[in-house]
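Visitor: I'm new to this one, so could you walk me through it and tell me how the labels are earned?

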Amino acid sequence: MAEAVLFNIIGRILGKLGSGAIQEMGSIWGVKDELRKLQKSMSAIKAVILDAEEKRFSNHQVRDWLQKLEDVVYEADDLVDELNTEALRRKVMSRNNQMAKKVRVFFSSSNQLAFRVKMAKKIKVIGEILDEIRANRSFYLMENMEEKTVSHSGRETHSFAREEEVIGRDEDKVEILKLLLDLGFEENVSIISIVGMGGLGKTTLAQLVFNDEMVQKHFELKIWVCVSDVFDFKLIIEKIIKSAMNNCPNNLDNLEMDQLQNQLREELEGKRYLLVLDDVWNEDRVKWLNLNSLLMGGAGGSKVLVTTRSEKVVKITHAQPYYLMGLDKDKSWSLFKRMAFEQGQEPQNPSIIEMGMEIVEKCGGVPLAIRAIGSTLYLKNPETEWLSFKNNELAKTSELESDVLQALELSYKHLPSHLKHCFGYCALFPKDFHIDVQMLIKLWMAQGFIKSMHQNQCLEDVGYGYFMDLLWRSFFQEAKKDDWGAIRSCKMHDLMHDLAIRVAGTSSCRLNESMENFYESTRHVSFDFELSKPLRIPASSIEKSKIRTFLLPKQRYEERLNVPNFDELWSNFKFLRMLDLNSLHIKILPNSLGKLKHLRYLNLSYNKIELLPSSITRLQNLQTLILSGCKKLLSLPIDMNKLISLRHLEMYECWSLTHMPRGLGELTALQTLDQFVVVENSIVVRDSGGLGELSLLNNLRGELSIKNLGHGKYTALKSKDANLKEKQHLHSLRLVWKNEDCGYTSGILEGDEISLDGLQPHSNLKSLKVEYFMGQRVAGWLSLLANLVKLYLIGCKNCLHLPPLDRLPSLKELKLLSLTSLQYVSDRDGAGSTHGELFPSSPCLATPFFPSLVKLEIRDCPNLWGWWRDIDDLDEDFESMIEYQNITSFPCLSYLTIESCPDLTFLPLFPHLESLSLTNTSSKPFLRTMMMMNDITEAAATSTPAMSISTSVSPSPATSSSSSPLSKLKYLVISNIEDIEHLPQEICNLSSLELIHLSECPNLASLPDEICSLSSVWIFQIGQCPKLTRWPSSYQPSLPIWHHF
């Protein structure tokens, strides 16, 4: 990997050498001339690095030269970083007037002289080595300061594949054929893409459908063009014309561009054609649009089929994607048998079959890998040679490297250098590891892999772009999204992981317990085992170590653990950028931690630390500090404001924290601050900071939890100081007041209401939790959060009702928990009016009722009797409701849970539920939805147009004859319900029901006879219903779905 990334590292060095901070330091310490010479040498080296990288594959002299260059470039990087660190320290000390004297002492003439001598010597030595390496270069290298696309030769495809030789792609072929033969596309010419990592058989699949008989008959013209990595516009047009014309003229190469495009449009005009563009890498949208404009003259039903490894290609071509996956276990074995055994016959020896299956599993379903390895084994004796191959040669054979990893390496070679660096770093993770994307980005940042194009560009956003580039190119897979649509985690295919190890070389290693693979050249280390005893790294390796990464991906928190002694390691690992000490039961951290001046990422999570050493504030380069799970941590260091590079401070589950340090608000680079603990009176706790520390932290993103908010006027006066309204990047906010019995005086009630008013967030907020708020009135700004997706109100004991929430367009999840004083949810009545008549005859509102709500949970609200202020029970008003056409229902609600709300007798209708759980509440909302919706449907069917049910408050499915109420219901739980005597007959029409649970219903006396005929039900639980003595006539005790308890 070293050769691939030196261009990037040298670029970073030159960027720092040219910065104002280092130029100033050079002047102060008198090393300006030395720095200028170093900059000149580095520039000369950078000019030829790109050409050297291309030639390293075919020239061992170039490869050796680059290896020598690597060490000195890394030394130069450490040197320049040290200079930059001293500049940061000077900045920190200069910010504080009390430190002015220390600054003058530090930069006194004696100190300047000592430092100048030290740095000048280092710079001179590095410069001399660079000059020597340049002088000893005996081969020519072309100067080039800009990266260009790496060309790979030898890849040319054609349109033919024998169908009988292709195994496991029948279903994929059918799906592609459906897309190709579909005439329902709006455009005359539509684009379809087959997307997947290298080796999956995208080209083979394209060949199969290209030669299919139905395709032959359907398309008048069929064209196959292998595009490969160089998207040469003129060359592609020439290839299309040659493939389209039976008698192609020989002078195409001599035609001008205008003549070529005329001939191409002539060939395609009015014909239904299929054009296969195989192996497309181009991600330049302008180039694609230029080609696309010439392809639009085909007849309706024309198709362009693109095969690519890059999802970016899909995006710029606006193609309909088909994602090709690996073969399953059975198909993989079938392919392997054909390639590895005589005539594809499975051997009789079960041990050979077992060995073969283990080898196939290593291939991860990639046909190219299975073919390559199977072909290799075909020439080996399975009785005597397969075991050795499996154990020793599987990752080393030249056949495997040339056929499989070389194929995958095409993708790697095609990457720009900054992505090569990022990909190679992933060799540190174990195979099949769930990679946290945000963690990965922070690790890349710590190593300096991420570079912003301009000053205002967020490094985290750039890093996420890097990750997406690699994901689109299939270097990662199994991407999982978070609640907001961003990729949260991913994995690497085993073969991609092997490639990462290969390209990383000895610069990265995953250490086993024997430490045998630790090299002097190793810079990034992860441990492939759990640390439970002192490390035994060879002393000679430690002394010469240039380690930059110390990662523990497999560490788990265990009660009994022999904590390793890291003090000796830290004194030797002076160049660490990343240090992971998670889950090691560390109680005390030594002050020597502050000597790791290059450190950017420090993970101390899940340890037993009570206090951090003050020396940690000397880590001016520190970007990420993870303290999550340090449940005994009492406070942060007083001088946290010295960590001026800090961007991420994670403190999840730091339950013992009592306050935040004063000055935290000066860390304006902070992106992550997941917890802020408020101290009610900062005079009581010395050096603590109040809500005002949040005022200027407007770059915060992700989640923020403000805890320990005080009740009463003191917090009320300070709440606006948090300036939450300006934090537009936060997506989740949790506001937690003290959970204490403080009485319900008017001062407490009013103070909490003022506090919540002052803590108004930005309208971009997506999730809000309010806990133990003691006001009666909830802030009106809740109704303004148009992007809010989740709202939880917990333990707000005095809350009487909520502001209007039913028009929030994005709200999907609402939880009301332990709101013990809540009487009704909304001031509005069932028609949406505030304090109006019960059923006004006004026209329907433009915005639907809770248009996006999917999940509603109401628990422990003992005084809640209805949804609206003016409606408590409609048993006697049903006819009036029909007459006034204003029956409100949830249009999207799928999951409803009501527990311990005994007086709740009225809710809006919920006809589209998939899951309903009622515990210790009234059955009336459920029974009303079952029966009233049927009555409404009948009324709608017989009514005049003037009497039709209002569609603004009830969606069309609810009143459609084809969709009965609760027709989607799968799970029904009714427990501890006193007012239910029988299940309604209509329940037998719920054909989607899979589970019914009835328990502790003292008055339940009967079940409908037809309930046993619900074929979809897979479990029916009944228990503690003493009056249920009459069983359905079709009931049989032997039915396996019935469970009594």
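Visitor: Where does Ser-635 lie?

Guide: Keep in mind that this is a predicted model. Ser-635 sits in the loop between β14 (624–626) and β15 (648–650).

Visitor: What makes Ser-635 count as buried or exposed?

Guide: Its relative accessibility is 16%, and buried means under 20%, so Ser-635 counts as buried. Leaving out residues up to four places away in sequence, Ser-635 touches Glu-610, Leu-611, Leu-657 and His-659.

Visitor: How do you know whether Cys-654 is in a disulfide?

Guide: Look at the sulfurs. The nearest cysteine sulfur to that of Cys-654 belongs to Cys-630 and is 5.4 Å away, while a disulfide needs the two sulfur atoms within 2.5 Å. Cys-654 is therefore in no disulfide. By this rule the count for the model comes to zero disulfides.

Visitor: And is Cys-654 called buried or exposed, and why?

Guide: Buried, because its relative accessible area is 1%, and the cut-off is under 20%. Cys-988 counts as buried too, at 15% relative accessibility.

Visitor: Why are helices α19 and α21 called roughly perpendicular?

Guide: The axes of α19 (residues 417–425) and α21 (residues 459–472) come within 10 Å and cross at roughly 80°. Angles of 65 to 115 degrees count as roughly perpendicular, so that label fits α19 and α21. On the α19 side, the contact is made by His-418, Leu-419, Cys-422 and Phe-423, and on the α21 side by Tyr-466, Asp-469 and Leu-470. By class, that gives five nonpolar, one polar and one charged residues.

Visitor: Which residues touch the most other members in the largest nonpolar core?

Guide: Leu-649 and Leu-768, out of 135 residues in that core. Strand β21 (residues 730–737) gives the most to this core, with four residues. Apart from it lies another core, of 86 residues, among them Phe-210, Leu-305, Leu-419 and Trp-444.

Visitor: What is unusual about the phi of Asn-920?

Guide: Most residues other than glycine have a negative phi. Asn-920, in strand β29 (residues 915–921), has a positive phi of about 50° although it is not a glycine. Asn-976 also has a positive phi, near 55°, and lies in the loop between β30 (971–975) and β31 (995–999).

Visitor: Why are Asn-920 and Asn-976 called partly exposed?

Guide: Partly exposed runs between the 20% and 50% cut-offs. Asn-920 has 27% relative accessibility and Asn-976 has 28%, so each counts as partly exposed.

Methods: Residues numbered from 1 in each chain as written. Predicted model: local features only at pLDDT ≥ 70, side-chain atom pairs only at ≥ 80, totals over all residues. Heavy atoms only, no water. Axes fitted to C-alpha atoms, helices over the stretch in contact; angles between N-to-C directions. Helix = DSSP H or I, 4+ residues; strand = E, 2+ residues; numbered from the N terminus. Parallel < 35°, antiparallel > 145°, perpendicular 65-115°, else oblique. Contact = heavy atoms within 4.5 Å. Nonpolar A, V, L, I, M, F, W, Y, C, P; charged D, E, K, R; others polar. Buried < 20%, exposed > 50% of the residue type's maximum accessible area, 1.4 Å probe, protein only. Core = buried A, V, L, I, M, F, W, Y, C linked by side-chain atoms within 4.5 Å.
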